[in-house]
Amino acid sequence: MNPDPSPGIPDGRQGERNALVDSFLRDPRSRVQDPRVVAVMREVPRHRFVPPDLQAFAYDDRPLPIGSGQTISQPSLVAYMTQELKVRPSDRVLEIGTGSGYQAAILSRLVREVYSVEIIASLAETAAKVLADLGYDNVRIRCGDGHAGWADAAPFDAILVACAPEAVPAPLAEQLREGGRMVVPVGPQSDPQELLFLEKRDGQLKRQGTLPVRFVPMTGGNGIE
Ligand code: SAH
């Protein structure tokens, strides 16, 4: 696992991060329990991943705009999706939809390597800079269409998709190792989407559970699906 750059470096926001995480843990509807996920949620400075004028709201449990019409996901949902990937320290994980880089930062504290694909170049560049400034050096970011996955780094132990395709793109299913897990919101933009928790068994993606959600659409996909 990556050596930890953040703990012990006071950033003035630790109390707010703890209050946010404590609020999920106190909520009887909260499904976030994994102590490793709870620890990284207390550690990663979410305010560094949002635009300066929104930093005051970074520790509210809600999505926030990050520019180019995109959003950073709600922290409790980031925590839950991360928990359900059931990652191990030796894992290599693919994320589709880097956005701000916050989800990639959370994953980077729990696994060996994170590969993250973002279709909007300006977001990919900003996320790469913030991650480098914070010392999260086991995250690789590529600008491109996530429908194709990241073939030259496959297979992955886990895949997290942060934008909603109409159906799971075939290359992502192929690039997941046997026994690996995928979390992906599937469905049209107009209706609530289903967040699918999948596991690959005998070459097929098997559903472990679902949750109604609303993510931004997965764009692109020409000629890939
Ligand atoms: N995980 C992000 C939230 C991402 S929002 C975070 O922690 O901030 C979803 C992101 O998916 C947006 O940035 C959007 O530009 C990106 N996206 C949409 N379609 C995509 C595609 N085909 N390939 C890669 N990224 C895509």
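In this predicted model, the ligand is surrounded by 28 residues, of which S100, E118, D145, G146 and T219 come nearest. A good place to begin is the make-up of this shell. Sorted by class, the residues around the ligand comprise twelve nonpolar, 13 polar and three charged ones. Several elements of secondary structure take part: β2 (70-72), β3 (92-96), α4 (102-108) and β4 (113-118) each contribute at least two residues to the shell. Among the contributors, β2 provides the largest share, with three residues.

Polar contacts add detail to this picture. E118, already named among the residues that come nearest, places a polar side-chain atom 2.6 Å from an oxygen atom of the ligand. For E95, a polar side-chain atom is found 3.0 Å from a nitrogen atom of the ligand. G146 takes part through its backbone instead, with an N or O atom 2.8 Å from a nitrogen atom of the ligand. Taken alone, the ligand would expose 580 Å², and the protein buries 99% of that area. The space that the ligand takes up is also the largest pocket of the model.

Attention turns next to β2, the strand with the largest share of the ligand shell. Strand β2 pairs with β1 (residues 64-67) in an antiparallel arrangement, and three bridges join the two. Within this pairing, L64 stands opposite I72 of β2. The two strands form a hairpin, with two residues between β1 and β2. One feature of the turn deserves a friendly pointer: S68, in the loop between β1 and β2, has a positive phi of about 55 degrees although it is not a glycine. The hairpin thus joins a strand that supplies shell residues, β2, to β1 through a turn that holds S68.

A further backbone feature appears elsewhere in the chain. The peptide bond leading from A154 to P155 is cis, and its omega is near 5 degrees. P155 belongs to the loop that lies between β5 (139-143) and β6 (156-161).

Methods
Residues are numbered from 1 along each chain as its sequence is written. This is a predicted model: local features need pLDDT of at least 70, side-chain atom pairs count only at pLDDT 80 or more; totals for chains, interfaces and linings use all residues. Side-chain values use heavy atoms; hydrogens and water are left out. A residue is near a molecule or strand if one of its heavy atoms lies within 4 Å of it. A polar contact is a pair of N or O atoms within 3.5 Å; within protein, one must be able to donate a hydrogen and the other to accept it, and residues adjacent in sequence count only if both atoms are side-chain atoms. Accessible areas come from the Shrake-Rupley method with a 1.4 Å probe; for residues, only the protein chains shown count as cover. On a 1 Å grid over the protein atoms alone, a cavity is a set of points where a 1.4 Å probe fits but cannot get out, and a pocket is an open set with protein on both sides within 12 Å along at least five of seven lines; lining residues have an atom within 4 Å of a point. A molecule sits in a cavity or pocket if more than half of its atoms lie within 2 Å of its grid points. Helices (H or I, at least four residues) and strands (E, at least two) are DSSP runs, numbered from the N terminus. Ala, Val, Leu, Ile, Met, Phe, Trp, Tyr, Cys and Pro count as nonpolar, Asp, Glu, Lys and Arg as charged, and the others, Gly among them, as polar. Two strands pair if DSSP finds at least two bridges between them.
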